[in-house]
Amino acid sequence: MRIHTIAAIMIALAATSGITAQETKRQRNASRAAKGAKYLETGGERKLEVVYKNISGRDLKLDLYYPTAKRTEKCPVIVFTHGGGWAAGNRYKAASGSFATVFEQLIKEGFAVAPVTYRLAKKDRNVAMRDCVIDCKDAIRYLAKNSEAFEIDPMRVFVMGDSAGGHIAQMLLLASPEQLPGDPTLAKAPYRMVAGVSWYGPCDFEKMELFNHDDSANFKDRFAARILGSDSGPTEKLARYREVSPINYLSKDSPPLLMIQGDKDTTIPVKHAHYMKQKAVKIAAPVEIMIVKNSGHNWRKVDAEIDPSRETIVQRTVQFFVDPLNK
């Protein structure tokens, strides 16, 4: 009798948490550490290898790190979207280098942090840039749908990413929750974006000259396959390019965006930050830019030490997230 009672209680808890019993079983199986996984060692509560959706027979996962200080009943959450040219990389980058420094500080400031896996736009996969964005939006929708169970606040969602992940972060921040729908079971989950930070991420693919760092006469579009390589979404090339360009979603009512870019970056030129800022000024949108001198991609120094320092970049990033909590 005692065993049956305990089983009944467990089933009831799973039902009331907003997560189905079937999904609970799947999460339990997924919680085992993945091969090559690297996690933040925060000393606090963590939920690892959480499946947020299954597509084409593949589980897509996120990790959730809870605040170690200043924790509230429902935590604000920062979603991290990794770089890698939309075709490489993984969410475990959040536990390395300057990213780990940023997130360890934010976890102490009362934020939950959620690095996200998304499908990669590799050759012959029928995955394009829009699919990368849709997956990450679905990760937010999943967290919002299950916000009670995860003890997070869906009305206080933040985002950060670098390079391709910086582009995705801009898209998540500026596109409305309804735009770029994905998993229909997650589509109606309400959430609100508060602020976002993009490290050396592009803002516009229609204006290819923004990628031509030295105004070369023989410059070629190197992103076509990653923008067009899917049978979903708009069918016209121009519509596809415009759909994945964050600048087209910017308005005076957009949440605040901070773009930090290096002035000697040849991968994602600093032109992107200046161009986004120009539009922001015209429409009175809340965009700030921070230009790092002597910096290439990934804050690599070029010719001289980067200015401001990597430490200053980290602190500016952290403060941009912390400031809205104090308003």
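These legends go with a few close-up views of a predicted model.

**View A. Here is the second largest pocket, with a volume of about 200 Å³.** Count around its wall and you get 14 lining residues. Those nearest the centre of the pocket are Arg58, Asn90, Arg91, Tyr92 and Thr117, so they make a handy place to start looking.

**View B. This one is about what the lining of that second largest pocket is made of.** Six of the lining residues are charged, while four are polar and another four are nonpolar. Strand S2, which runs over residues 58-65, gives the most to this lining, putting in three residues.

**View C. Next up is helix H4, covering residues 129-145.** From the first C-alpha to the last, H4 reaches 24 Å with its 17 residues, close to the 24 Å expected at 1.5 Å a residue. Is H4 mostly covered or mostly uncovered? Mostly covered: 16 of the 17 residues in H4 are buried.

**View D. Now for the cysteines, in a structure that holds zero disulfides.** What keeps Cys136 from bonding to Cys132? The closest cysteine sulfur to that of Cys136 is the one in Cys132, and it sits 7.3 Å away, which is too far for a bond; a disulfide would need the two sulfur atoms within 2.5 Å.

**View E. Two cysteines, Cys75 and Cys136, are buried.** Cys75 has 0% relative accessibility, so it counts as buried. Cys136 is buried too, with a relative accessible area of 0%. The cut-off behind that word is under 20% relative accessible area.

How values were computed. Residues numbered from 1 in each chain as written. Predicted model: local features only at pLDDT ≥ 70, side-chain atom pairs only at ≥ 80, totals over all residues. Heavy atoms only, no water. 1 Å grid on protein atoms, 1.4 Å probe; cavity = no way out; pocket = protein on both sides within 12 Å on 5 of 7 lines; lining within 4 Å. Points joined across faces, edges and corners; volume = space filled by probe spheres on them. Helix = DSSP H or I, 4+ residues; strand = E, 2+ residues; numbered from the N terminus. Nonpolar A, V, L, I, M, F, W, Y, C, P; charged D, E, K, R; others polar. Expected span 1.5 Å × (residues − 1). Buried < 20%, exposed > 50% of the residue type's maximum accessible area, 1.4 Å probe, protein only.
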